[in-house]
Each structure stands twice: as C-alpha cells, then as structure tokens.
Amino acid sequence: MRKAHRPMGRFFCLLMVVAAAGTMPLAVTMHASGPAMTQVVDTVYRADGTAAVGTVLVSWPGFTTADGATVAAGSLSVHLGSGGAFAASLAPNTGAQPAGMYYRVVYQLTGQEPSTEYWVVPATGSTSIGAVR
C-alpha cells in the first residue's frame, strides 16, 4: 500500500528553510560589528632612559561603551616589542557604564618589581599611554 504524500509538511519545511536563510545574514552582521576600538601605541622606557623589556598585562571588568556596545570582562597580555614598543587595541571606556570603569594595567618589566596603573581610553582612532593614564 502506498502512503499519501503530505504536501503541507514539505511546504512547512520549505518555509522554515527560507525563514532561516533570510535571518542568517542579519545574525552574521550583528556578530561582525563590535565596539569602535582605540589603538594605544607608544614606547615604554625605564627611568634611566633605556627601552623597557617585559610584559604589560591589561585587564578590565565587563562594561558598556558610551555608544552602547557591550564589552565582556577580560584581559590581554602584551609583550613589549623591540625598543620597548607597545601596541594594543582597546574598547573606549570614556563615558562607559558602570561609571568609574578603568583598565587595570600591570607592568612586569625585566629587573623591576611589577607596577600598576589605571587607564581611561578615549574614543579616538589612536592614542598614547601618556594620554590614557
């Protein structure tokens, strides 16, 4: 005995595939965009004027940028490059929520005790360490 075809079942499946395909580009677009980032670029020197050698640890709590982007809590380890070169891409926390949110920065330089400072990063294309301290 032959079973009857169910055209409504196939039609429903087709509708589900079309609906999923229609929303996929939107979902990809939403995940592809993120907060505007600021490049913090500078050279780190020791007090005697020589280029620093070591690592800079940057950490932050979760926050919402001034333009409404959500940033999860996290950390970043930046090894100083040749001649003490530092470069990191950070989400701006100027005007962020909760208020008073800072990046915690720990310098772990060769031959020195670790030192800590706190940064406020503006919403600009690029800035220096001196400008965010």
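**Exercises on a predicted model**

Three strands make up an open sheet with mixed pairing, in the order S6-S1-S9. The model is a predicted one.

**Exercise 1.** State which strands are the edges of this sheet, and describe how S1 is joined to S6.

*Solution.* Step 1: S6 and strand S9 (126-127) each pair on one side only, which makes them the edge strands. Step 2: strand S1 (residues 38-43) and S6 run antiparallel and are joined by six bridges. Step 3: within this pairing, Asp42 stands opposite Phe86 in S6.

**Exercise 2.** Classify the ring pairs that Tyr103 forms with Trp60 and with Phe63.

*Solution.* Step 1: for Trp60 and Tyr103 the centres are 5.6 Å apart and the planes meet at 65°, an edge-to-face pair. Step 2: the Phe63 and Tyr103 rings have centres 6.2 Å apart and planes at 85°; planes over 60 degrees apart count as edge-to-face, so this pair is edge-to-face. Step 3: Phe63 lies in strand S3 (residues 63-64) and Tyr103 in strand S7, 40 residues apart in the chain. Step 4: Trp60, Phe63 and Tyr103 together form one aromatic cluster.

**Exercise 3.** Decide whether Phe63 and Tyr103 are buried or exposed, and place them in the largest nonpolar core.

*Solution.* Step 1: the cut-off for buried is under 20% relative accessible area. Step 2: Phe63 has 3% relative accessibility, so Phe63 is buried. Step 3: Tyr103 has a relative accessible area of 1% and is therefore buried. Step 4: the largest nonpolar core has 24 residues, and Phe63 and Tyr103 are among those with the most contacts inside it. Step 5: S7 supplies the largest share of this core, four residues.

Definitions and conventions. Residues are numbered from 1 along each chain as its sequence is written. This is a predicted model: local features need pLDDT of at least 70, side-chain atom pairs count only at pLDDT 80 or more; totals for chains, interfaces and linings use all residues. Side-chain values use heavy atoms; hydrogens and water are left out. A nonpolar core is a set of buried Ala, Val, Leu, Ile, Met, Phe, Trp, Tyr and Cys residues joined through side-chain atoms within 4.5 Å. Buried means under 20% relative accessible area, exposed over 50%, partly exposed in between (1.4 Å probe, protein chains only). Helices (H or I, at least four residues) and strands (E, at least two) are DSSP runs, numbered from the N terminus. Two strands pair if DSSP finds at least two bridges between them. Rings of Phe, Tyr and Trp (its six-membered ring) pair if their centres lie within 6.5 Å; planes under 30 degrees apart count as stacked, over 60 as edge-to-face and the rest as tilted.
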